[in-house]
Amino acid sequence: MAGVGTLVLAIVLLFVLIILASAIKIVKEYERAVIFRLGRVVGARGPGLFFIIPIFEKAVIVDLRTRVLDVPVQETITKDNVPVRVNAVVYFRVIDPVRAVTQVSNYIMATSQIAQTTLRSVIGQAHLDELLSEREKLNLQLQKIIDEATDPWGIKVSTVEIKDVELPSGMQKAMARQAEAERERRARILLAEAEKQAAEKLREAAEIISEHPMALQLRTLQTISDVANDKSNVIILPLPMEMLKLFKSVGEAAGVVKKVFGNEEEKKGKDGDSE
C-alpha cells in the first residue's frame, strides 16, 4: 500500500509540475501574447515573463517585427491598353496584436491578397508613361490604399515598391524607336541652334570688319602666323585689299591715258588726210 501511495503522489506532483510549467510564459521583446480566458480576449501581455491560468487561459503569440511580403507577378492592362506584367514588395507590421488575431483569421494571407488586387487596380488606372516615369507616385498610392484596407486588422503598411515592369517585346521595340527618333530630333535642333549662333557671330564679325578694314589685315596675318607653325602646310599670301585697289586705280588711269592718246592719234590722222 505504501508503494501505491508513493506512486500516486508522484503522479500528482508530476501533473502539478506540468500545469505550473504551462502557466509560465515568456515572450521576446518583439512579440506580444494575446490572452483568451474562456474564449474571451482579456488583452495582450509581454514582453518578458508572465503567468496564465492553465486550462482556462490560452496565449496566442504575435510577431510585431516588420514583415516583407513579395507580391506575385500580376498580369494587367494599363489605361492606354498596354498589357504589362508587374510585381511588387510590401513592408508591413502589426501595431495592434489583439485586432490582428481577432479581426482576421490570417493577417499575412489577407494582406497579400489585398496587395495583389490593389496592384492590378492601380496599374489599370495608370498610363504606361506614368508606370515607367512616375513610379514613386504609384508607390505612394498603393501604400495608402493597402494601409487603409488593412487598418481594421491592426496592420500598418509602411512601404510599397513596384519592383519590375515587364512589357511585350513589340512594345519594347516601338519604345526604342521612339527614343531614337527623339534623340535624333534633339540633335538636329541643337545643330540648327549652333548654325544660327555661328551665323550671328559671323554677321557681327563682318560688320566690324566692314567698319575697320585693317581688322581683316590683322586677322589675315594672325592666320598666316598660325599656319606657319606647321612646315607641311603650303602658305599662300593674299594681296592686301589696298594693293588691289591701287592696281585697280593704276589700271583705270592707264586706260584713260591710252584713250586720250588714242583720240589724239586719231585726230592727227584725220588732219593729215584732209591736207
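1. Leaving aside its neighbours within four places in sequence, which residues is Thr78 in contact with? In this predicted model, the contacts of Thr78 beyond that sequence window are Val84, Ile123, Gly124, Ala126, His127, Leu128 and Leu131.

2. As to its setting, Thr78 belongs to the loop that lies between β6 (67–77) and β7 (83–94). Because its relative accessibility is 3%, and buried means under 20%, Thr78 counts as buried.

3. The two strands on either side of that loop, β6 and β7, form a hairpin with five residues between them, and within the turn Asn81 has a positive phi of about 65°. β6 and β7 run antiparallel and are joined by nine bridges; in this pairing, Leu69 stands opposite Val90 of β7.

4. β7 is also paired with strand β8 (residues 155–166), again in an antiparallel arrangement, here with 10 bridges. Within this pairing, Tyr91 has Thr159 in β8 as its bridge partner.

5. On internal voids, the count comes to one cavity of 30 Å³ or more, and the volume of the largest cavity is about 30 Å³. Its lining is made up of Val71, Ala88, Val90, Ala115, Leu119, Leu142, Ile146 and Val160, with β7, α3 (107–124) and α5 (135–150) being the elements that give two or more residues to it. By class, the lining of the largest cavity has eight nonpolar residues, with no polar and no charged ones.

6. One residue links two of these points: Val90 in β7 stands opposite Leu69, and Val90 is also among the residues that line the largest cavity.

Technical notes: Residues numbered from 1 in each chain as written. Predicted model: local features only at pLDDT ≥ 70, side-chain atom pairs only at ≥ 80, totals over all residues. Heavy atoms only, no water. Helix = DSSP H or I, 4+ residues; strand = E, 2+ residues; numbered from the N terminus. Buried < 20%, exposed > 50% of the residue type's maximum accessible area, 1.4 Å probe, protein only. Contact = heavy atoms within 4.5 Å. Pairing = 2+ DSSP bridges. 1 Å grid on protein atoms, 1.4 Å probe; cavity = no way out; pocket = protein on both sides within 12 Å on 5 of 7 lines; lining within 4 Å. Points joined across faces, edges and corners; volume = space filled by probe spheres on them. Nonpolar A, V, L, I, M, F, W, Y, C, P; charged D, E, K, R; others polar.
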